[in-house]
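Q: Please take a close look at one part of this structure and describe it for a reader who has not met it before. Which residues and elements surround that part, and how do they fit into the whole?

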Amino acid sequence: MGRRFCLAFLLAALPTVTANDEVPPVVHQDSWGDFWLFRFLVNAAGYASIVIPGFLLIQYFKKKNYLETGRGICFPVIKSCVFGNEAKSAHQDDVLLTARNETVESSTARQVFKLLFCAAGLQISYLTWGVLQERVMTRTYGATESDPGEKFKDSQFLVFMNRILACTVAGLYCALIKQPRHGAPMYKYSFASLSNILSSWCQYEALKYISFPTQVLAKASKVIPVMLMGKLVSRKSYEYWEYLTAALISVGVSMFLLTSTHGKQLSTVTTFSGVVLLAGYIAFDSFTSNWQDALFTYKMSSVQMMFGVNVFSCLFTVGSLLEQGALLESVRFMARHSEFAVHAVLLSVCSAFGQLFIFYTINQFGAAVFTIIMTLRQAFAILLSCLIYGHAVTVMGGLGVAVVFIALFLRVYARSRMKKRAKKPPVGESPVQKV
């Protein structure tokens, strides 16, 4: 009943689209200003106008030894942004946070309820977000019998909307619930922030050139380039099951892509643009996660990380939008089309609360359960996209999708078995008992 209600809600919130109304992925550019590479370079120039002065200021304060010689009202702010409070990261706060986050033994019914709550929150947040994302980026607004309507083109404004609400939610959470003492220099969040907004921009922009199911499968196959990079750069070794599942994922994705494009006249430029944007998304997203892992050595909470990254994301995106004059144009578009305003706000709400559900789920049940839930979400996202927007999937393409998700579940299962085996005490030794 719950699934039927959610599907009915999504269908009611969006205009009905049949298979015959499916918009082809070929994008006609009206001018150079509409070409994705030009917009990417303009956005990057806007970010550089903020990053370069900030970098020069940081170098100036470090060379001046401001931490020892600085005084005045601005001293605490500059110290927090440039040097951090590493010496004051007391262990007492960490102990309190650990004690608060320790799993409390509870009844099976309570744990099942928590699991269902987490799964429902993640599914509703990200399925709604995915459907709205495709609606905003691929369909027109204000269409009538005499007017074809207009499309919203500025992906950066959507990134800004998502980040400003996420920043607000994380800030309120940190203010209401005690967090560990913050020790990281604030400027270090800017690296993850920059890669995060670029990956989000690539994700939105790619929908102009490829279908949403193709994008979801490409994101699911992110494990392949990660393994290749680990093998070439870090000389990492992998288990046989990791190679097997990576091969299955590549086979499944190939089956889907080859059969889904059968009989369609796709532009080579469009196909290439979609592939490049997906590659950009994967590259920037991989950097974001690795940099955030490095920042967690400062013993911060996940919500503090969310707040710090989104503060810089808001700064970068609003600065770039103002420099281009695109902020006012996007606001005018929102004023002309109230339906777009609703969709943009819902996108931001789903993105912000989805992040909170991620942190809560991992804290309560671990990464393995979270991965299973999100893998199911990807499968449901493809199904919803095909139902609502009429994407045609052949039998062979459907088998390819099934192969991909079977491989992903095999990875989760094998990884959990390996972790359990590693945690078992050696023969002859008894596990340490807490008293």
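A: Ile 164 counts as partly exposed because its relative accessibility is 38%, which lies between the 20% limit for buried and the 50% limit for exposed residues. This value, like the others below, is computed from a predicted model. Ile 164 belongs to helix α7. In space its C-alpha atom is 9.9 Å from that of Phe 312, although 148 residues separate the two in sequence. Phe 312 is one of the residues through which helix α13 meets helix α8, and α13 is the part to be examined here.

The pairing of α7 with α13 comes first. Helix α7 spans residues 155–176, and its axis runs 8 Å from that of α13 at an angle of about 145°. Their crossing is left-handed. By class, the residues of this contact comprise 16 nonpolar, 8 polar and 1 charged.

Helix α13 also packs against α8. Helix α8 covers residues 189–206 and α13 covers residues 302–324; their axes approach within 8 Å and cross at roughly 65°. This crossing is right-handed. On the α8 side, the contact is formed by Tyr 189, Ser 190, Ala 192, Ser 193, Leu 194, Asn 196 and Ile 197, while α13 contributes Gln 304, Met 305, Gly 308, Val 309, Phe 312, Ser 313, Phe 316 and Thr 317. The contact of α8 with α13 holds 8 nonpolar residues, 7 polar residues and no charged ones.

A further partner is helix α2, which runs from residue 36 to residue 63. The axes of α2 and α13 come within 9 Å, with a crossing angle of roughly 115°, and the crossing is right-handed. From α2, Val 42, Asn 43, Gly 46, Tyr 47, Ser 49, Ile 50 and Val 51 take part; they meet Leu 315, Phe 316, Thr 317, Gly 319, Ser 320, Glu 323 and Gln 324 of α13. The contact of α2 with α13 is made up of 6 nonpolar, 7 polar and 1 charged residues. Phe 316 and Thr 317 of α13 are thus listed in the contact with α2 and also in the contact with α8.

Within α13, Met 305 deserves separate attention. Met 305 is part of this helix and counts as buried because its relative accessibility is 3%, under the 20% limit. Beyond residues up to four places away in sequence, Met 305 touches Tyr 189, Gln 292, Leu 295, Phe 296 and Met 300. Between Met 305 and Gln 292 the C-alpha distance is 7.7 Å, and the two are 13 residues apart in sequence.

The loop that leads from α12 (268–295) to α13 contains Lys 299. Lys 299 is exposed because its relative accessibility of 52% is over the 50% limit. Its phi is positive, at about 60°, although Lys 299 is not a glycine. Most residues other than glycine have a negative phi. Asn 65 likewise has a positive phi, about 55°, without being a glycine. Asn 65 sits in the loop between α2 and α3 (66–69), and with a relative accessibility of 35% it counts as partly exposed.

Tyr 189, already named as a contact of Met 305, leads to the interior of the protein. The largest nonpolar core has 77 residues, and those touching the most other members are Leu 122, Val 136, Phe 157, Leu 158, Tyr 189, Leu 217 and Phe 340. Helix α16 (residues 367–389) supplies the largest share of this core, 9 residues. The core lies between domain 1 (36–83) and domain 2 (109–141 + 152–236 + 270–365), because both give residues to it. Another core lies apart from this one; it has 8 residues, including Ile 58, Ile 78, Val 82 and Tyr 187. As for Leu 217, its contacts, leaving aside neighbours within four places in sequence, are Val 253, Phe 256, Ile 382, Val 401, Val 404 and Phe 405.

These details belong to a protein with 17 helices and 0 strands. Of its 435 residues, 43% are buried. Among contacts with a separation of 6 or more, 86% join residues 24 or more positions apart.

Notes. Residues are numbered from 1 along each chain as its sequence is written. This is a predicted model: local features need pLDDT of at least 70, side-chain atom pairs count only at pLDDT 80 or more; totals for chains, interfaces and linings use all residues. Side-chain values use heavy atoms; hydrogens and water are left out. A nonpolar core is a set of buried Ala, Val, Leu, Ile, Met, Phe, Trp, Tyr and Cys residues joined through side-chain atoms within 4.5 Å. Buried means under 20% relative accessible area, exposed over 50%, partly exposed in between (1.4 Å probe, protein chains only). Helices (H or I, at least four residues) and strands (E, at least two) are DSSP runs, numbered from the N terminus. Domain bounds come from an automatic or database domain assignment. Contact means heavy atoms within 4.5 Å. Axes are lines fitted to C-alpha atoms, for helices over the stretch in contact, and angles run from 0 to 180 degrees between N-to-C directions. A crossing is left-handed if the near helix is turned anticlockwise from the far one by less than a right angle, and right-handed if clockwise. Ala, Val, Leu, Ile, Met, Phe, Trp, Tyr, Cys and Pro count as nonpolar, Asp, Glu, Lys and Arg as charged, and the others, Gly among them, as polar.
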